[in-house]
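Biologist: Could you take a close look at the aromatic rings of this protein and walk me slowly through how they pair? I am in my first year, so please connect each step to the next.

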Amino acid sequence: MHSQSAESPEEEEQATTLLAKLAPHLVDAARVSAMMGADKRVIFVGEDYMLRIPRHDLVRRRIEVEQRVLRRLEGRLCLPTPRLLAVDPETGADLCLKAPGHLIDWRAWGKLGESGRAKIGRSFGRFLADLHAEVPAGEALSMGVPEYALPDSALLEDRLAAVMKGGRRQHLLNAVLAALPRLGEQTREPVLLHDDFSHHNIGFELPSMKAVGVFDFGGAQVGDPHRDLRYDPGLEADERLVVDEYEAAGGQPISRARQRAWHALSALENLIHSLANEDPEHQAARWGWVDSVASWDLTSLEEE
């Protein structure tokens, strides 16, 4: 075995045992730990496979929901998704064939610039239109996919008021708090959301930067289709490639104001997470995102 991971001997033995049960031909393949969190372990096996091992029952139940979603979506969308190959009934661990493409980090994404990001928007719009049309909300709920719940406005204000005092940042916080009730209103039919559809969950062909695969449906929820379009790569440049492609492919009509409001809310939610969990470099990047949104004409978050 040629393991390149930082696993303990016990963890390495568990992975070997699971591979022997789920895919004996992969027991001796190189392994790299992609994630070693408190909730689950994700191990890349060889070039093409992924072994996921839940650490407790709550995560196991979440993964079981994702497994249902992956089975339902396999081969039905314009971009490939991970293919579920085997599940260990004893531990809930599973083996997947990864979606194609290379992952890029936030630094590489930033270097593309607004125009570079906007150019790949059509693939984003078409995929989301396909996804939202494929699985009705009722079916997604029956598979155990949860409904999205808005954050509590008082909690959002409490977490951020002290660090966003004065100026544009305070104006942004106030604008998002004002938009929250509108985001809670159902203006479109709810859909199955990927709910984290951004560059870090998309596989790219290099160096062309063509989108060729989509990863990680672990955060899937049912909710407003605008929420899935909040990471539109052309949004800040006011490019409509994603929205135009989404609507042309049969997606529901999109409100630009609602899309921007979801984007602004996500900037604040990610900042809250970063301040509690991430290093200074990541926090600086989150603040950069917040300040970019704060520089907008924030009346654009209001419904037309």
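**The aromatic pairs**

Modeller: In this predicted model, six aromatic pairs are counted when ring centres have to lie within 6.5 Å of each other. One of these pairs is formed by Trp109 and Phe124, whose ring centres are 6.4 Å apart and whose planes meet at 25 degrees, so this pair counts as stacked, given that planes under 30 degrees apart are called stacked. Trp109 belongs to helix α3, which covers residues 106–111, while Phe124 belongs to helix α5, and the pair therefore ties together parts that lie 15 residues apart in sequence. Trp109 and Phe124 are both buried, and they are also members of one aromatic cluster, in which they are joined by Phe127, Phe197 and Phe204.

A further aromatic pair, made by Tyr148 and Trp262, is edge-to-face, with 5.4 Å from centre to centre and 75 degrees between the planes. Because Tyr148 sits in the loop between α6 (137–142) and α7 (153–160), whereas Trp262 sits in helix α11, this pair ties together parts that are 114 residues apart in sequence. Tyr148 has a relative accessibility of 18% and so counts as buried, since the limit for that word is under 20%; Trp262, with a relative accessible area of 2%, is buried as well.

Tyr148 also leads us to a pocket. The second largest pocket has a volume of about 220 Å³, and of the 14 residues that line this pocket, those closest to its centre are Tyr148, Leu183, Gly184, Gly223 and Asp224. Sorted by character, the lining of the second largest pocket consists of six nonpolar, four polar and four charged residues.

The helices that carry Phe124 and Trp262, α5 and α11, bring us to one more helix, α10. In α10, which spans residues 241–248, the buried residues are Val242, Val243, Glu245 and Tyr246. These four cover an arc of only 170 degrees around the axis, which means that they lie on the same side of α10. Among the elements that cover the buried residues of α10 are α5 (121–134), α9 (225–228) and α11 (256–277), so that two of the helices already met through their aromatic rings return here as part of this cover. Just after α10, Gly250 adopts a positive phi of about 105 degrees.

Definitions and conventions. Residues numbered from 1 in each chain as written. Predicted model: local features only at pLDDT ≥ 70, side-chain atom pairs only at ≥ 80, totals over all residues. Heavy atoms only, no water. Buried < 20%, exposed > 50% of the residue type's maximum accessible area, 1.4 Å probe, protein only. Arc of directions from axis to C-beta. Contact = heavy atoms within 4.5 Å. 1 Å grid on protein atoms, 1.4 Å probe; cavity = no way out; pocket = protein on both sides within 12 Å on 5 of 7 lines; lining within 4 Å. Points joined across faces, edges and corners; volume = space filled by probe spheres on them. Nonpolar A, V, L, I, M, F, W, Y, C, P; charged D, E, K, R; others polar. Phe/Tyr/Trp six-rings, centres within 6.5 Å; stacked < 30°, edge-to-face > 60°.
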